[in-house]
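Ready for a few exercises on reading a fold from its atoms? Have a look at the structure first, then work through the tasks at your own pace.

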Amino acid sequence: MPKIVTEFTKMVGVDYPIIGAPMFLISYEELTVAVAQAGGLGAFPLPNYRTAQDLASALKKIREKTDKPIGVNIHLSGRFEWKEQLALCLNAGVTFFITSLGDPRLILDDVHANGGKVFADLISLDQAKKAADRGVDGLVAVASDAGGHCGSTPTIILVPYLKSKVGLPVIAAGGVSTGAQMAAAIALGACAVVVGTRLIATDESRALPAYKQAVVAAGPEDIVCTDKITGNPASWLASSIKDFRERPEIGSKRWLDLWSAGKSVAQVDEIKPAADVIREIVDEYAEVCKAMSLTLDE
Ligand SMILES: Cc1cc2nc3c(=O)[nH]c(=O)nc-3n(C[C@H](O)[C@H](O)[C@H](O)COP(=O)(O)O)c2cc1C
């Protein structure tokens with residue numbers, strides 16, 4: 001299988017423009033390693049590790065299994081500790097950082113000094129311009145299609161919009177579970193895609209078995225976007241938050257029982273190893289590119 005070359009793969013040094021989404025309570029070392037070994041960029045969110053010691057141990061396990069590039073999602077709002085965590089990541093050779101909330105300038109110099117890149121999660125042109133002014137290397141366009149916290153504009157509109165108005169590399173986050181969907185995102189101008197929902201239903205994800213099954217069973221009509229759970233709009237499997245809406249007093253319901261996923265559950269039909277998911281996306285991408293070129297009658 002040939003590599004897929006984009007601005008992102010050249011920048012980061014991976015074979016495919018696929019980031020295994022950093023997902024709260026889902027992406028830990030197993031999924032990160034599986035995606036990295038399959039040629040994508042494995043990633044996890046720092047808040048998945050409660051202490052710096054937990055993070056150090058996870059990074060050690062990852063580095064025992066892969067020397068490929070990996071990424072992390074770092075929250076800079078002040079709600080989570082990040083300084084010691086950043087140093088641990090840089091020491092472990094983490095070269096790709098996706099910032100959420102907060103000011104990316106807090107980490108830019110340190111990451112750049114270590115040869116890494118900083119992209120910012122954002123949902124609008126205003127946020128994108130602000131991030132660009134602050135010197136980020138690129139943008140992660142979090143669309144309305146995305147699992148987790150989502151934007152209000154679909155991938156098919158948001159990616160070309162940010163790309164043309166801001167000019168920085170744009171990564172599409174939202175609605176990509178298949179190779180055809182990745183081809184669409186690349187056609188729109190994205191240099192890579194973040195795949196979240198599809199990877200929930202993998203052997204290496206830490207989602208509960210019933211959560212994985214629910215993602216497989218769900219269709220897009222089973223996903224609701226609401227700000228009632230976290231205070232910000234996010235996409236959820238409606239069945240998992242039914243009680244939450246009907247009985248607000250169960251606010252203490254365990255996070256593990258609140259199941260986030262995006263509308264691309266539509267394309268998730270089976271639980272399988274993450275490497276198979278990546279390979280299938282790449283195979284289908286190649287087929288779609290060939291088929292698209294055949295539509296030209298020159
Ligand atoms: C269960 C779940 C948890 C997520 N947690 C995070 C997170 O902690 N940090 C983050 O940057 N993005 C998080 N996301 C968003 C993903 O990184 C990514 O933007 C999104 O999943 C892409 O859309 P898709 O689900 O349609 O593939 C999460 C997504 C899901 C589905």
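Two strands count as paired if DSSP finds at least two bridges between them. With that in hand, note that Asn 73 stands opposite Ile 98 in β4. Keep in mind that this is a predicted model.

**Exercise 1. Work out how β4 is tied to its partners in the sheet.**

Step 1. Start on the β3 side: β3 and β4 run parallel and are joined by five bridges.

Step 2. Follow the chain between them. From β3 it passes through helix α4 (residues 83–91) to reach β4, a β-α-β crossover that is right-handed.

Step 3. Turn to β5. Four bridges pair β4 with β5, again in the parallel sense, and Thr 99 has Ala 120 of β5 as its bridge partner.

Step 4. Check the connection here too: β4, helix α5 (residues 105–113) and β5 form a right-handed β-α-β unit.

**Exercise 2. Decide which way the side chains of β4 point, and whether they are buried or exposed.**

Step 1. Recall the general pattern: in a regular strand, side chains alternate between the two faces of the sheet.

Step 2. Sort the residues. Phe 96, Ile 98 and Ser 100 point one way from β4, while Phe 97 and Thr 99 point the other way.

Step 3. Apply the cut-off: a residue is buried if 20 or more other C-beta atoms lie within 10 Å of its own. By this test, five of the five residues of β4 are buried.

**Exercise 3. Place the strands in order and explain why β1 and β2 each have a side without a neighbour.**

Step 1. Write down the order. The open sheet has eight strands, β1-β9-β8-β6-β5-β4-β3-β2, with parallel pairing.

Step 2. Look at the ends. β1 (18–20) and β2 (42–45) are at the edges with a single partner strand each, so one side of each has no neighbour in the sheet.

Step 3. Add the twist: on average, neighbouring strands of this sheet are turned by 25° against each other, direction ignored.

Step 4. Add a helix. Helix α2 (residues 29–37) packs on the sheet and touches β1, β2 and β3 (70–75), with its direction at about 155° to that of β2.

**Exercise 4. Describe the shell around the ligand.**

Step 1. Count the residues: 27 surround the ligand, and the closest are Gly 147, Gly 148, Gly 196, Thr 197 and Gly 262.

Step 2. Split them by class, which gives 14 nonpolar, eleven polar and two charged residues.

Step 3. Link back to the sheet: β4 (96–100) and β9 (192–195) each supply at least two residues of this shell.

Technical notes:
Residues numbered from 1 in each chain as written. Predicted model: local features only at pLDDT ≥ 70, side-chain atom pairs only at ≥ 80, totals over all residues. Axes fitted to C-alpha atoms, helices over the stretch in contact; angles between N-to-C directions. Contact = placed C-beta atoms within 7 Å. Near = placed C-beta within 6 Å. Nonpolar A, V, L, I, M, F, W, Y, C, P; charged D, E, K, R; others polar. Buried ≥ 20, exposed ≤ 12 C-beta atoms within 10 Å, placed from the backbone. Right-handed = clockwise from strand over helix to strand, strands pointing away.
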